[in-house]
Amino acid sequence: MAKLAPSMLAADFSDLAGQVAAIDQAGADYLHVDVMDGHFVPNISFGADVMKSLLGKTGLPFDVHLMIEDPDQYAPTFVTDATAFITVHLEACRHIDRTLHHIRDLGVGAGVAINPGTPVAMLSEVLGIADLVLVMSVNPGFGGQKFIPSALDKIRELDRLRKECGYHYQIEIDGGVTPDNAAEVKAAGTDIMVAGSAVFGASDIAARTKEFLGLIR
């Protein structure tokens, strides 16, 4: 069984609370929070205050994805009672081991993400301490991009390593996930699927959420 984490990056911010309530009531597992700084990725999204404005308006745990430079400085601002994971990019961290331990010390799950051009082998020294590994299946920065199929090979490799080495991280995929490829993505070994425009871009957000869940549960 895989879980669904709709990305609020694709939501209509004029009705953010209403749209998040729709995915919550439809059974989504997490709210994926894509944070972009315009430096590490070529786009700017929002900060911790926007996420925190949803506290009390949804029961969904926050799955925070920091696509930013200097994540050590900003990670603490995303810690709330509802924060499940804070994920940082391997490519943005000078000292990834220290950063993951820092996030764990904040009392939340520590995740590490890799871009399409980064091989799984680059994570070899931290797979034993990561709570979550996020594979980008698009180049980060913008929603609505086409899925990069080679991401599935990374998912399979991470699943193999987890089984062989007794690691306990969850495997997440982000980018271009739709109802058309959800079953294949799940079969590769994915635990959490991020879907942005495929959920929030639907005419009926709740129905699309249920459609996804029917494919991955």
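Which residues have the most contacts inside the largest nonpolar core? They are Leu31, Val33, Val64 and Leu66, in a core of 63 residues, where a nonpolar core is a set of buried Ala, Val, Leu, Ile, Met, Phe, Trp, Tyr and Cys residues joined through side-chain atoms within 4.5 Å. Buried here means under 20% relative accessible area, exposed means over 50%, and partly exposed lies in between, with a 1.4 Å probe and protein chains only. The model is a predicted one, in which local features need pLDDT of at least 70 and side-chain atom pairs count only at pLDDT 80 or more, while totals for chains, interfaces and linings use all residues. Residues are numbered from 1 along each chain as its sequence is written, and side-chain values use heavy atoms, with hydrogens and water left out.

The sheet gives a frame for what follows. Eight strands form an open sheet with parallel pairing, in the order 1-8-7-6-5-4-3-2; helices (H or I, at least four residues) and strands (E, at least two) are DSSP runs numbered from the N terminus, and two strands pair if DSSP finds at least two bridges between them. Strand 1 (3-6) and strand 2 (31-36) are the edge strands, each of which pairs on one side only. From one strand to the next the twist averages 25°, with axes taken as lines fitted to C-alpha atoms, for helices over the stretch in contact, and angles running from 0 to 180 degrees between N-to-C directions.

At one edge, four bridges join strand 1 to strand 8 (residues 192-195) in the parallel sense, and alanine 5 has valine 194 of strand 8 as its bridge partner. Helix 8 (residues 205-216) packs on the sheet and touches both strand 1 and strand 8, its direction making about 150° with that of strand 1; contact means heavy atoms within 4.5 Å.

At the other edge, strand 2 pairs with strand 3 in the parallel sense over six bridges, and valine 35 has leucine 66 of strand 3 as its bridge partner. Strand 3 (62-67) is mostly covered, with six of its six residues buried. In a regular strand the side chains alternate between the two faces of the sheet. In strand 3, Phe62, Val64 and Leu66 point one way and Asp63, His65 and Met67 the other way, and all are buried. Strand 3 also runs parallel to strand 4, to which five bridges join it, and there aspartate 63 stands opposite phenylalanine 85.

Phenylalanine 85 also takes part in an aromatic pair with tyrosine 30, a tilted one with 5.9 Å from centre to centre and 55° between the planes. Rings of Phe, Tyr and Trp (its six-membered ring) pair if their centres lie within 6.5 Å, and planes under 30 degrees apart count as stacked, over 60 as edge-to-face and the rest as tilted. Tyrosine 30 lies in the loop between helix 1 (16-26) and strand 2, and phenylalanine 85 in strand 4 (residues 83-89), so the pair ties together parts that are 55 residues apart in sequence. Both rings belong to buried residues, tyrosine 30 at 9% relative accessibility and phenylalanine 85 at 7%.

We can now return to the core. Helix 5 (residues 151-165) gives it the largest share, five residues. Leucine 31, leaving aside neighbours within four places in sequence, is in contact with Pro6, Met8, Val20, Ile23, Leu54, Leu60, Pro61, Phe62 and Asp63. Another core, of ten residues, lies apart from the largest one and includes Phe85, Leu132, Leu134 and Val194.

The buried residues of helix 5 are Ala151, Leu152, Lys154, Ile155, Leu158, Asp159, Leu161 and Arg162, and what covers them includes strand 5 (109-114), strand 6 (132-136), strand 7 (170-174) and helix 6 (182-187). Just after helix 5, glycine 166 takes a positive phi of about 75°.

Two loop residues complete the tour. Most residues other than glycine have a negative phi. Aspartate 70, however, has a positive phi near 55°; its place is in the loop between strand 3 and helix 3 (71-74), where aspartate 70 is partly exposed at 40% relative accessible area. Glycine 38, in the loop between strand 2 and helix 2 (48-52), is likewise partly exposed, at 36%.
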